[in-house]
Amino acid sequence: MNAGGSEGAGLATRAIHAGEGTDPHTRAHAVPIYQTATFAFDSAEAEENAAERVLAREPDAFLYTRAGNPTTDALQRKVADLEGADESLICSSGMAALATAVLSVLNAGDHCVIPEDIYMGTGILFDDALGSKGVRVTRVDTTDQAAVEAAIRPNTKAVFVESISNPHMLFSDVEALARLAHANQALLIVDNTFLSPVLFRPLEYGADLVVHSATKYLSGHGDTVAGTIAGRKELVDRAHHYQEVIGGAPSPFNSWLVLRGIHTLPMRMRAHSDNALRLARFLDDHDAVEWVRYVGLGSHPQHEAARRYLHQGFGGMLTMRLRGGEAEMSAFAGAVRLGAIAVSLGDLKTLVNPMAKHDCIIRVSVGCEDPEDLIGDFGSALSAAAATAGVV
Ligand code: PLP
């Protein structure tokens with residue numbers, strides 16, 4: 001496939017063109033879905049040659065889809081371009097990306113620092129899966145640099161952080177954490193799922209690896225599961241080597257869905273951010289709401305830090321707590337019409353995730369619907385919840 005010819009262009013142009021080009025075999029203008037497990041050769045020597053080229057990570061070398069595929073390759077070039085990375089690697093899910101990245105970096109006896117507030121699956125990966133294999137893990141508040149510094153030990157090999165944490169929406173200063181990690185010869189790995197490379201590119205601020213659940217904003221339509229890793233060539237090559245043996249490669253069709261989703265990522269992130277800010281302000285003023293946490297609100301504890309890094313918007317994720325407790329939370333979730341009660345996030349459609357086990361907070365992934373419709377719908381649901389519970 002030809003290169004996209006978008007070098008030096010703006011982010012919207014690159015989201016559309018980077019990594020793509022007319023298919024050299026068919027002249028197809030859209031990237032084809034190469035839905036094949038294996039690749040066939042004219043001779044034993046040609047197959048041997050392809051195997052060596054795949055091992056050497058040469059471009060356009062394919063042998064077997066677990067090790068590489070042209071559709072996935074186009075997506076890898078696009079993601080690397082958007083992240084400002086040497087290379088990227090696409091994985092079968094966000095968890096596959098996280099597991100592949102940390103397994104390629106951490107060994108038994110190593111120590112790593114992770115946030116107290118973290119996506120549950122990632123917490124289990126570190127505490128249980130890695131912990132039981134001899135990796136030591138310390139959980140700290142990663143918004144507190146002194147706490148991170150105090151947690152670092154001589155055998156600390158990695159600091160891991162979510163740029164905005166799930167589910168409490170804490171914003172960690174990636175640039176300061178990269179300095180801290182590097183001063184101690186450790187790597188900084190950032191899960192940037194909540195912001196996407198449109199709003200924040202951690203590699204520009206010193207992170208060594210950036211990981212996304214591409215299930216969320218990158219694909220954007222709630223119709224696939226995938227993950228990405230991006231960074232310096234030697235680190236991504238090492239992760240690629242691990243992926244081949246762990247087996248977490250994506251299906252070509254899922255790669256294609258993410259590739260197509262990224263075409264509209266800049267415009268979607270703008271709409272998500274605008275809608276979330278408007279909805280957060282509305283919720284902040286509402287009597288039935290005890291508190292709202294959205295990095296774009298002045299009341300957010302790390303709002304000033306976030307403003308220094310986020311110049312294109314604050315993303316679509318917010319968390320709130322209603323006055324009252326579980327009854328109000330459930331009544332609200334049951335009454336919202338535009339927001340489905342569902343886990344996951346980053347979908348064009350608004351998703352509402354009530355969390356009884358997290359002090360009855362409600363995580364909202366604000367979609368791209370008309371903001372007036374969202375505000376009207378949330379307002380009605382808040383009134384219904386307050387009336388049900390007898391608060392108002
Ligand atoms: N990272 C974050 C911040 C998440 O919220 C999630 C899933 O919700 C993941 C990683 C895991 O991604 P996936 O579900 O694609 O495996």
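Start at the ligand and select Met95: one of its polar backbone atoms is 2.8 Å from an oxygen atom of the ligand. Such a polar contact is a pair of N or O atoms within 3.5 Å; within protein, one must be able to donate a hydrogen and the other to accept it, and residues adjacent in sequence count only if both atoms are side-chain atoms. The ligand exposes 390 Å² when taken alone, and the protein buries 91% of that (Shrake-Rupley areas with a 1.4 Å probe; for residues, only the protein chains shown count as cover).

Before moving on, please note that this is a predicted model, where local features need pLDDT of at least 70 and side-chain atom pairs count only at pLDDT 80 or more, while totals for chains, interfaces and linings use all residues. Residues are numbered from 1 along each chain as its sequence is written, and side-chain values use heavy atoms, with hydrogens and water left out.

Now add Gly94, where a polar backbone atom is 2.8 Å from an oxygen atom of the ligand. Next, show Asp191: a polar side-chain atom there lies 2.6 Å from a nitrogen atom of the ligand. What surrounds the ligand? There are 14 residues, and the closest are Gly94, Met95, Asp191, Ser213 and Thr215 (a residue is near if one of its heavy atoms lies within 4 Å). Helix α4 (residues 94-103) gives the largest share of this shell, three residues; helices (H or I, at least four residues) and strands (E, at least two) are DSSP runs, numbered from the N terminus.

Select helix α7 (residues 174-183) next. Its buried residues are Val174, Ala176, Leu177, Ala178, Leu180 and Ala181 (buried is under 20% relative accessible area, exposed over 50%, partly exposed in between; 1.4 Å probe, protein chains only). Their cover includes α6 (145-151), β4 (156-162) and β5 (187-191), judged by contact, meaning heavy atoms within 4.5 Å. At the N-terminal end, Asp173 is the cap, with a side-chain oxygen 3.1 Å from the backbone nitrogen of Glu175.

Step past α7 to Gln185, in the loop between α7 and β5. Its phi is positive, near 55 degrees, and Gln185 counts as exposed because its relative accessibility is 67%. In the loop between β4 and α7, find Pro167, which a cis peptide bond joins to Asn166, with omega about 15 degrees.

Finish at the open, mixed sheet of five strands, ordered β8-β9-β12-β11-β10 (strands pair if DSSP finds at least two bridges between them). Its edge strands are β8 (289-293) and β10 (340-341). On β10, pick Ile341, whose bridge partner in β11 is Val352.
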